[in-house]
Amino acid sequence: MNDRVKTLLKHGAIVALLFCLGMIAAYGFWLVGLKAESDFMVFVLAVTIAILETGSGGWGVLLGVLYTLAYDYFFTVPYHQLHIFNANDWVSCAVFIVVAVILNTLTARLQRQVGIAERNARVLGRLNKISTGLINSTSADGACRYSANELSRILDRPVAITLGEPDPSNEPAHTCFQYGYATGAGESVGTLERNKYLPLNSKRGPLGIVSIDCANGDIDNASKSFVNSVITQTSIAVERNNLEKDSVQREVEMKHERFKTTLLRSLSHDLRTPLTGIASSADYLRENARTTDEETRDKLLDEIVEDSEWLTDMVNSLLSMTRIQDSDVPLQETPEVVDDVIADAVSRVARRRGSHEISVHAPKKVTLVPMNGELIRQTLINLIDNALKHTRPNARVEVSAEQQGGDMVFSVSDDGGGIDPDKLDRVFDMFYTQDRIPTGDGLTSGRQMSIGLGLSICRAIVEAHGGWIRVENNDAGGATFTFGLPLQGNGDATSAREGEGE
């Protein structure tokens with residue numbers, strides 16, 4: 001049974017039900033003695049319902065005729081005889097026909113309006129969804145891909161949105177981009193082009209083109225209006241993403257300029273101190289080498305060496321920061337033995353430890369960790385040197401490493417005065433120099449030169465390895481710097497070893 005037969009049976013059943021209900025109502029009115037006008041109003045109401053339910057005036061006319069015949073047969077004298085040709089019956093039939101025609105016209109008009117409203121609601125829903133997706137887009141290319149995919153799905157045909165000027169060999173597309181009007185299929189008589197090209201424009205000029213496959217026919221006018229709305233939203237999204245990209249680029253450039261300005265200012269200030277010290281000590285020794293006692297000479301030479309080492313560390317720090325900030329150069333990571341890296345770092349700062357005590361606690365197993373050995377050594381040197389500079393002369397510094405889960409965790413701890421808790425979250429900021437909390441035993445009183453790059457370089461190096469770094473005050477009255485590097489499955493590359501490093 002096809003759909004048409006099912007519809008006819010459904011409408012016939014509706015009319016039959018309304019006919020029965022109308023006749024039952026007429027019989028009830030006849031029993032209580034109501035006049036025929038009451039029956040007529042019920043019949044008109046039933047005819048109205050029939051037209052609204054079936055959407056056809058023909059069913060209403062049929063029901064009206066049936067009511068007229070039945071009423072004439074059952075409720076007019078003489079009963080059970082048809083007198084259809086009397087004036088009352090003709091008037092009733094005419095009224096039913098007029099009512100049917102009027103209601104059918106109104107119903108058709110109402111259905112058209114409902115259809116238009118539903119279509120507009122669907123279009124608005126689709127536009128709202130596309131608008132939401134475009135708002136969430138993070139790039140101009142992403143916005144174009146999203147709109148193209150949505151248009152392809154809705155129009156059921158391939159759609160492409162490309163930014164920039166198209167290939168001049170594609171004349172319709174190039175003309176669309178250059179002059180800003182639609183070209184291709186459906187836009188000119190006799191064209192063999194299968195694609196329709198629509199411009200993607202902005203107030204600042206053309207952005208690109210929209211290509212719609214029309215091999216199976218052009219899109220209708222309603223679809224054209226929808227496509228134009230999507231193109232407008234897409235051009236707005238492309239402009240917004242381009243502006244955001246330009247804003248981010250300008251912010252990065254300004255940040256780099258501020259960094260260079262601050263760095264140059266810090267370097268010009270902090271380089272002057274050691275260079276002045278080196279020049280003064282060297283000049284004094286040159287002029288008074290024979291008359292200077294050994295103790296004074298050794299002290300001046302120590303200061304020259306100290307200042308030279310500080311300058312060397314500063315240059316190494318600047319080189320490390322340059323390497324880390326150069327995102328085009330990937331880190332060269334190779335498996336390194338943990339305790340060898342720690343021992344090498346400690347040996348490089350041993351000359352500057354003075355009366356500090358440095359102890360080392362290495363893992364019980366020889367562990368290989370993927371890292372850039374030179375940069376991680378620089379990290380440990382910076383952390384140890386930070387502890388030596390900012391603690392009392394006889395403070396104890398402990399360097400340790402142990403495996404925790406999937407990370408190899410390195411720690412540099414001291415007992416020479418903690419860090420102000422309010423400043424703990426700032427110690428890794430660039431150009432920030434932290435002060436230790438006095439312990440009552442007195443902190444180092446030598447020349448403390450720092451441009452505030454050491455700890456920020458440590459964080460940059462560790463994060464470039466995919467690790468983490470933090471600082472906290474410990475129970476020994478000092479500070480503990482801890483950072484972790486991912487083992488990345490190299491935990492099996494270990495071998496048992498007796499004893500621990502010291």
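**Exercise 1.** State where Tyr 79 lies in this predicted model, and decide whether it is buried, partly exposed or exposed.

*Solution.* Step 1: Tyr 79 belongs to the loop that joins α3 (57-75) to α4 (87-135). Step 2: its relative accessible area is 37%. Step 3: buried means under 20% and exposed means over 50%, with partly exposed in between; Tyr 79 is therefore partly exposed. Step 4: Tyr 79 also contributes to a nonpolar surface patch of about 630 Å², together with Tyr 27, Trp 30, Leu 31, Val 32 and Leu 34.

**Exercise 2.** Determine the strand order of the open sheet and identify its edge strands.

*Solution.* Step 1: the four strands are arranged as β1-β4-β3-β2, and the pairing is antiparallel. Step 2: β1 (159-163) and β2 (183-184) each pair on one side only, which makes them the edge strands. Step 3: five bridges connect β1 with β4 (residues 205-213) in the antiparallel sense. Step 4: Leu 163 has Gly 208 of β4 as its bridge partner.

**Exercise 3.** Describe how helices α5 and α6 are placed on the strands, and which residues of α6 are buried.

*Solution.* Step 1: α5 (residues 140-155) lies across β1, β3 (195-202) and β4, at about 165 degrees to β1. Step 2: α6 (residues 171-179) lies across β2, β3 and β4, at about 140 degrees to β4. Step 3: the buried residues in α6 include Ala 173, His 174, Thr 175, Cys 176 and Phe 177. Step 4: the cover over the buried residues of α6 includes β2, β3 and β4. Step 5: after α6 comes Gly 180, with a positive phi near 75 degrees.

Note on methods: Residues are numbered from 1 along each chain as its sequence is written. This is a predicted model: local features need pLDDT of at least 70, side-chain atom pairs count only at pLDDT 80 or more; totals for chains, interfaces and linings use all residues. Side-chain values use heavy atoms; hydrogens and water are left out. Patches are made of residues with over 30% relative accessible area and no salt bridge: like charges are joined within 9 Å, nonpolar side chains (Val, Leu, Ile, Met, Phe, Trp, Tyr) within 5 Å. Accessible areas come from the Shrake-Rupley method with a 1.4 Å probe; for residues, only the protein chains shown count as cover. A salt bridge is a side-chain nitrogen of Lys or Arg within 4 Å of a carboxyl oxygen of Asp or Glu. Helices (H or I, at least four residues) and strands (E, at least two) are DSSP runs, numbered from the N terminus. Buried means under 20% relative accessible area, exposed over 50%, partly exposed in between (1.4 Å probe, protein chains only). Two strands pair if DSSP finds at least two bridges between them. Contact means heavy atoms within 4.5 Å. Axes are lines fitted to C-alpha atoms, for helices over the stretch in contact, and angles run from 0 to 180 degrees between N-to-C directions.
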